[in-house]
Amino acid sequence: MDNKFTIGDAVSISGHNELKYGHILKNPDKGFITVEAFNDYGTGIKTKIKCKRDELTLIPPVHLSGEDLKHLIRYEVSFSDLIKSETPFLNYVLDGDYNTTLEDLKTAVINLREKNANFEDYSHDWFENIYYDKSLTDALHIPPYEYNDDGFGKYRKEILPVREDIVKRDVFEMIGEFTEDYEMLCDDNFQKKFPFDEILRKITYFTEDKDKPLNEKRFTEGDMRKFISFYKENEFKNLDDEHKAFYRKTVDELCLKNDETALRIKAYSCYGGNDIYPCNWNISKDCLVKLFNKTGDEFAANSLGYIYYYGRCNGGKPQYEEAYKYFSYGAFNGIYESKYKIGDMFAKGYGVPKMPEAAFRLYYEVYIDNLKYFSQGDFMCKFADAALRLGKGCESGITPYYMESDYFYCLQADYAIRKRLNFDCFGDGAVYDGIQKALNESKENFHKFSKPQKAVRYTDWKVLCTPVSTYGRSAKAVIKKLTNGNVQITISATKSDYEFDARKNMILFTVPEADYCNLLKKITFKMVNVKKCEILNGKASFIYDNVDWDYKKGQHVFKCNGEEVARITADNLIWKAPKEDTKKTVKLRFAGVQFTKNGKEYDYLCDDKSIREGDTVIVEGIDGETKVKVCKIFEREEIKSEIPESFYKSVIRKC
């Protein structure tokens, strides 16, 4: 190495336009020294160049002591002034360290305000240097902001700033997030928008209250909001009693301030009840109304629609006018639940004129949209709900544009709800029960006219457009010749360029004749007595988006973008159902009960064979243990592996 330089030395550079400074990276090679070069500020151009020795001038290092670091972190001196250079990252050596305290951060925030610092002062001459230069960060003992999402470990319980290191971490996080707000580049905005008061309040609260018990400590609204937002509803049971009480106290305090986050949490906690709040429909309604009036939140409108539709706050007597108002707002803003609930009102004439055709249009819009989501793996979508309503078409009196059998839609609803049960969505127990009743009834009615089949013949080849109707795009067909003049055709949905997940390429295939519904990647048919099979590209596969019938020639014509791609003459298609796994099926005994006279019937698992129709039993209701009358006892076969163990509620005991 040249005796003037060593690897890592900071140098100034001449003769290279905007590149002014750099670090030595590599030994001389053919008379040139390799340098990592920067522009004046070290934030723009950065590249690797080769320089001649006489183009480089050594920048001697400045030594920084622990006391220097203390003045720096307190913003009592800028970094460039401290090391007397506009390129501080190039020429300093640390001779000591300093353990940053909350008092230092408090002083820094006060100095930033009193010195009327602008964004340039704050960012480039203070925070970016101390927080993004690892050697300085370590020397100042700045705590890293680390996530530890391993169940309910140390980090989760300490989301509240109850220790000095947590407060320091949070303060640096607030400062760091602020640097990403590019509106602050305007000097006038910095002093207006920097969270001076919130940081100072956070430090003051901790310092003055650190020896108090949790329920007496003060926290900033930001900390309170962060705490209540951190836990999901199904995690509340993992909090100890002290944290549950504090969580409730925090939510209540923020609700008094009309805080959006707190109103939403309390509204949906009381909407059915959880480990923090018991069910209270009136409190839920009040919070939702405040939330809706403040934000116009469409989900709040949808929930209010449900409360009024079922008369939750009116002794069970529906308030359809209010329900329609809120459901209309939700539907207009894209909430599928609101849309199909308005459909329910039109189907039954609840608070509106009875208009079955309008109901069907609403149901079918939700069905088509969610069919695509469901087929692409979104099992929490509203496909099951829409399919159920189409499956109860005869009951509702709806008149479809083209009518699949009720059983067709009920099979899809059953398949979809089983996929959704594991996500533990609110109200899915009632949805599942409704689907099972509709499924059993429609199955019985369907098989009165069409006996169960294992091999199903199709004369309408539009079934080959199933991938197209599912996705709204083209399908792929692969042809394979069989014996006896038969041909096998395997169809699948084409894949978009942006879809890398194979699950997003599935087809929901439903065959009522075989009691079959499943998501498949490919569907295989046998074409019987094939007289002609002509593929225009000369290959064994082709892409199509429609199948037409040529009446003159008696041929099925496959087209893509209006252009013919294949012609096939055959009698019909045959699809064979796969063998069933009967080991999965288990027979369960249920009691259908009513909470109110002539009210809705709910199904509870009932293993006690002494309980009969007409008995009074104790079950777990919304408001705890409740006496109810058994309307009927029945058995139902279930696919055990698809039902979560915690799904079924059971009869507690016989009265």
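This is a short talk on the strands, salt bridges and a few single residues of one protein model.

Hi everyone, thanks for coming. Before anything else, please keep in mind that what you see is a predicted model. I'll walk through it in four stops.

Let's begin with strand β18, which covers residues 563-569. Is this strand mostly covered or mostly open? Mostly covered: five of its seven residues are buried. A residue counts as buried when its relative accessible area is under 20%.

Now look at what pairs with β18. On one side of our story is strand β14, residues 532-535, which is joined to β18 by four bridges, with the two strands running antiparallel. If you want one pair to click on, take Glu534, whose bridge partner in β18 is Arg567. Then there is strand β17, residues 555-560, which also pairs with β18 in the antiparallel sense, this time over five bridges. A pair to click on here is Lys559 with its bridge partner Glu564 in β18.

How many residues sit between the strands in the hairpin of β17 and β18? Two, and Asn561 in this hairpin takes a positive phi near 55°. While you're looking at strands, here is a handy general point: in a regular strand, side chains alternate between the two faces of the sheet.

Let's stay with positive phi for a moment. Asn529 is a residue other than glycine, and its phi is near 55°. You'll find Asn529 in the loop between β13 and β14. Asn529 counts as partly exposed, because its relative accessibility is 35%, which falls between the 20% and 50% cut-offs. Another residue to look up is Tyr75, which has a positive phi of about 55° although it is not a glycine. Tyr75 belongs to the loop between α1 (66-73) and α2 (79-83). Is Tyr75 buried or exposed? Buried, because its relative accessibility is 8%.

Next stop: salt bridges. The structure holds 37 of them, and I'll show you three.

The first pair I picked is Arg225 with Asp259, whose closest N and O atoms are 2.8 Å apart. This pair links distant parts of the chain: Arg225 is in helix α10 (residues 221-230), while Asp259 is in the loop between α11 (241-256) and α12 (260-270), 34 residues apart. The partners sit in different surroundings if you check their accessible areas: Arg225 is partly exposed at 28%, whereas Asp259 is buried at 8%.

The next pair is Asp297 with Arg264, and here the closest N and O atoms are 3.1 Å apart. Asp297 lies in the loop between α13 (281-295) and α14 (298-309) and Arg264 in helix α12, so this salt bridge ties together parts that are 33 residues apart in sequence. Asp297 is buried, with a relative accessible area of 14%, and Arg264 counts as partly exposed at 26%.

My last pair is Asp548 with Lys462, with 3.9 Å between the closest N and O atoms. Which parts of the chain does this pair link? Asp548 is in strand β16 (residues 546-550), and Lys462 is in the loop between β8 (455-458) and α22 (466-471), 86 residues apart. Asp548 counts as partly exposed at 28% relative accessibility, and Lys462 is partly exposed at 41%.

Salt bridges can also share partners. Here, Arg169, Asp170, Glu173, Lys202, Asp223 and Lys226 are joined into one network in that way.

Last stop: the surface, with one look at the inside for contrast. Which residues form a positive surface patch? They are Lys476, Lys495, Lys521 and Lys522. Zoom in on Lys522, in the loop between β12 (516-520) and β13 (523-528). Lys522 counts as exposed because its relative accessible area is 54%, and the cut-off for exposed is over 50%.

For the contrast, go to Ala477 in strand β9 (residues 475-481). Ala477 is buried, with a relative accessible area of 0%. Ala477 and Ala493 are 16 residues apart in sequence, and their C-alpha atoms are 9.0 Å apart in space.

To recap with two residues to find on your own screen: Lys522 is exposed, and Ala477 is buried. Thanks for listening, and do try clicking through the pairs yourselves!

Key
Residues numbered from 1 in each chain as written. Predicted model: local features only at pLDDT ≥ 70, side-chain atom pairs only at ≥ 80, totals over all residues. Heavy atoms only, no water. Patch = residues over 30% accessible without salt bridge, like charges linked within 9 Å, V, L, I, M, F, W, Y side chains within 5 Å. Areas by Shrake-Rupley, 256 points an atom, 1.4 Å probe, with all protein chains shown as cover. Salt bridge = Lys/Arg side-chain N within 4 Å of Asp/Glu carboxyl O. Lys, Arg positive; Asp, Glu negative; His and termini not counted. Charge placed at Lys NZ, Arg CZ, Asp CG, Glu CD. Buried < 20%, exposed > 50% of the residue type's maximum accessible area, 1.4 Å probe, protein only. Pairing = 2+ DSSP bridges.
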